[in-house]
Amino acid sequence: MKYEHLFSPIKINNTMLKNRIVAAPVGEEYKDKALGGAALVVCGHTIVEEGRSSFASGNEKSAFYKYEVERTREKIRVCHAGGAKASIEIFHAGLYARVNPGDHAWGPCAFTRDDGVEVWALDEEKMEYIADLYAKETLEARNLGFDAAFLHFGHGWLPAQFISPLFNHREDEYGGSIENRAKFPLLILKKIRQAVGPGFMLDMRISGEECVPGSIKFEDTLAFILMAEEYIDSVQISAGLDINHEGNARLVAMNYVEHMPNLKWAKVVKEKAKKIKVSVVGSVNTPAEADQIIKDGLVDFVAFGRSFNADPYWPRKAMCGHDEDITPCVRCNQCYHITTNRRNVGCTVNPRYHNENIISAKVEKTDTPKKVVIIGAGPAGIQCALTASERGHKVILLEKNSEAGGTMKLISKEHYKADIAYYCDHIVNKLKRSDVDVRYNFEATPENVKELNPDALVIAVGGYPLVLPIKGVDKKHVYTYEQVIGHEDMLGDKPLIVGGGTIGTEIAIELSDLYHKDVTIVELTANLAPQANALYKIALRHKYESLEKPLTINLESRVEEIRDNDVLVKMKDGSVKAVEADCVILCTGVRSNRKLAESFYGITPETYEIGDVVMPRLIQEANFEGRGVGQNI
């Protein structure tokens with residue numbers, strides 16, 4: 001077997017796992033993951049205390065409430081039907097709980113939250129009460145048939161609030177030293193173990209560090225884990241905080257952070273903790289990465305969150321050695337509700353995620369094969385072509401360039417877009433292995449498309465860089481982002497970037513970080529990357545604030561004129577300043593190729609538009625529309 005260490009069995013307490021793979025509790029979508037080949041699936045959560053422990057609503061019920069328990073039981077059955085063991089997260093939000101009007105939340109210290117909710121400090125009587133509730137809820141899980149329980153002691157939730165000095169400022173015996181701060185969390189663990197008995201698997205998640213000023217350091221986290229060893233069977237090392245968005249950008253690391261960032265802590269825990277098994281979660285993207293760290297003895301097993309949103313059948317494909325079929329996670333965090341304010345939750349590379357009622361799990365064969373012509377081999381066109389071909393249609397994909405990928409292929413050349421590059425290679429290689437008739441260097445026109453006599457036509461011609469009518473924009477030292485990406489070494493030492501959206505800011509970071517250039521950004525709005533998701537903005541700021549050569553950022557400013565050696569910029573205060581620049585890069589957005597798209601209408605009644613030609617947006621929308629149209633032609 002290709003990944004013999006990843007797919008070797010392991011026994012944790014009395015629970016036998018067929019491999020070293022855990023599907024972490026990311027979202028409530030668990031069915032595909034349960035069938036995907038993981039040994040252990042953490043399928044959702046249950047709150048500890050009704051009314052005061054939910055992060056979502058004061059009205060949330062326990063998963064074992066009489067009108068919820070059948071649905072909870074179904075999770076176990078689905079996992080077992082898929083050959084996986086079933087676990088459930090045991091959760092209390094503590095001071096972050098959503099409570100009903102007039103009620104209070106619990107925490108280590110008393111204060112009033114910004115939303116007006118009072119947080120009451122837990123006294124010893126209430127600590128006993130909540131610890132008993134933890135034990136009761138975990139016992140419910142065992143008795144219903146779960147094979148394990150997943151105890152959330154990280155990310156700034158109630159037990160972590162006691163462990164971390166960021167939240168715990170008590171001056172009694174439950175504050176101060178790590179030994180004192182650990183008392184209540186250890187009481188919870190003790191009562192849980194007493195309730196469920198010695199043979200039931202207890203897995204605990206904890207943050208190695210919370211990654212914001214004043215929070216817990218790894219030395220204290222390690223000390224707590226060693227104190228907790230007598231009660232638990234395994235520990236999962238994560239990082240960061242949840243509700244605190246600065247820490248959240250580290251919890252779900254993005255493209256500016258290396259793969260497996262939490263491994264440095266997990267391997268130390270593995271060295272020091274002799275009684276328990278150790279796992280790690282966070283940006284373990286490939287089977288090769290996971291297999292290697294188990295082979296090297298750095299961890300015992302690995303948990304996957306976003307990777308299984310991208311491809312819930314990741315384990316089965318890896319087990320068969322078909323790495324090329326695994327759809328890779330690009331770490332964009334669109335699958336995370338906080339990033340999108342719940343308005344566009346989904347997955348960039350897996351159109352089915354969060355759209356299970358719209359996108360089918362399996363592409364069905366058609367009874368009426370058609371000739372389908374698709375114009376444009378960007379992500380939308382490729383996704384549509386693959387899906388329509390899988391349906392049994394004869395698909396012709398027309399691409400004006402010599403390679404597929406569109407703008408995605410271009411941005412994948414950026415240094416910090418390695419995850420996008422990996423995905424781009426994946427989908428282009430998938431296209432090469434398919435039955436799709438791809439015609440490169442084909443400039444589509446209404447005339448030559450009509451000659452192909454399509455039964456269905458899909459227009460995916462994308463967009464083009466928007467060039468604003470700035471005085472001097474036609475000078476030789478002015479470039480669009482398309483001309484610059486992949487050719488950064490041709491630029492001078494003092495580039496000025498017009499437009500601080502995602503593309504402009506990413507180019508600026510790369511030019512500063514890798515090419516040591518003095519970069520200036522001029523952005524019309526009050527924020528960099530205004531169209532990006534919330535956590536990406538924070539990760540972006542973390543990165544550019546760490547640069548040795550700081551960026552010069554002019555917000556609420558606009559370029560008035562581009563001259564030979566400088567640029568006239570109208571600043572936020574209304575003044576006009578001459579900014580030295582030996583080259584100018586235009587990153588002022590993308591415009592849909594509407595005129596070209598509309599020229600193809602009338603060739604066949606069954607005509608669709610997908611991707612940026614509809615409106616410049618995310619790769620997520622391109623993939624969704626490509627898959628959706630492809631499965632419905």
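**Exercise 1.** Find the residue in S26 that is the bridge partner of Val 498, then work out which strands S26 pairs with and how well its faces are covered.

*Solution.*
- Start with the pair itself: Val 498 has Leu 586 as its bridge partner in S26. A quick word on what you're looking at: this is a predicted model, where local features need pLDDT of at least 70 and side-chain atom pairs count only at pLDDT 80 or more, while totals for chains, interfaces and linings use all residues. Numbering starts from 1 along each chain as its sequence is written, and side-chain values use heavy atoms, with hydrogens and water left out.
- Next, place that pair. Strand S20 (residues 495–498) runs parallel to S26, and four bridges join the two. Strands here are DSSP E runs of at least two residues, helices are H or I runs of at least four, and both are numbered from the N terminus; two strands pair if DSSP finds at least two bridges between them.
- Now look at strand S19 (residues 478–480), which pairs with S26 in the parallel sense over three bridges. Here Tyr 479 sits opposite Ile 585 of S26.
- Finally, check the faces of S26 (residues 583–586): Cys 583 and Ile 585 lie on one side, Val 584 and Leu 586 on the other, and all are buried. Buried means under 20% relative accessible area, with a 1.4 Å probe and protein chains only.

**Exercise 2.** Decide whether Thr 520 is buried or exposed, and list its contacts away from its sequence neighbours.

*Solution.*
- Thr 520 belongs to strand S21 (residues 520–522).
- Its relative accessibility is 8%, so Thr 520 counts as buried.
- Skip the neighbours within four places in sequence, and Thr 520 touches Pro 495, Leu 496, Ile 497, Thr 552, Asn 554 and Val 579. Contact means heavy atoms within 4.5 Å.

**Exercise 3.** Trace the strand order of the barrel, then zoom in on S10.

*Solution.*
- Walk around the barrel: eight strands close it in the order S3-S4-S5-S9-S10-S11-S12-S13, with parallel pairing. On average, neighbouring strands are turned by 30° against each other, direction ignored.
- Take one side of strand S10 (residues 201–207): five bridges join it to strand S9 (residues 148–152), and the two run parallel. Ala 148 stands across from Met 201 in S10.
- Then the other pairing: S10 also pairs with S11 in the parallel sense over five bridges, with Ile 206 bridging to Ile 237 in S11.
- As for burial, seven of the seven residues of S10 are buried. Met 201, Asp 203, Arg 205 and Ser 207 point one way, while Leu 202, Met 204 and Ile 206 point the other way.

**Exercise 4.** Classify how H7 crosses H9 and how H6 crosses H7, and say what sort of residues meet at each contact.

*Solution.*
- First pair: the axes of H7 (residues 218–228) and H9 (residues 263–272) come within 11 Å and cross at roughly 40°. Axes are lines fitted to C-alpha atoms, for helices over the stretch in contact, and angles between N-to-C directions run from 0 to 180 degrees.
- H7 and H9 are therefore oblique to each other. The cut-offs: under 35 degrees is roughly parallel, over 145 roughly antiparallel, 65 to 115 roughly perpendicular, and the rest oblique.
- The H7–H9 crossing is right-handed, meaning the near helix is turned clockwise from the far one by less than a right angle.
- At the contact, Phe 218, Leu 222, Ile 225 and Leu 226 of H7 meet Trp 265, Val 268, Val 269 and Lys 272 of H9. By class that's seven nonpolar, no polar and one charged; Ala, Val, Leu, Ile, Met, Phe, Trp, Tyr, Cys and Pro count as nonpolar, Asp, Glu, Lys and Arg as charged, and the others, Gly among them, as polar.
- Second pair: the axes of H6 (residues 183–196) and H7 come within 10 Å and cross at roughly 30°. That makes H6 roughly parallel to H7.
- H6 passes H7 in a right-handed crossing too.
- Pro 185, Leu 186 and Leu 189 of H6 meet Phe 224, Met 227 and Ala 228 of H7. The tally for H6 with H7 is six nonpolar, no polar and no charged.

Definitions and conventions:
Buried < 20%, exposed > 50% of the residue type's maximum accessible area, 1.4 Å probe, protein only.
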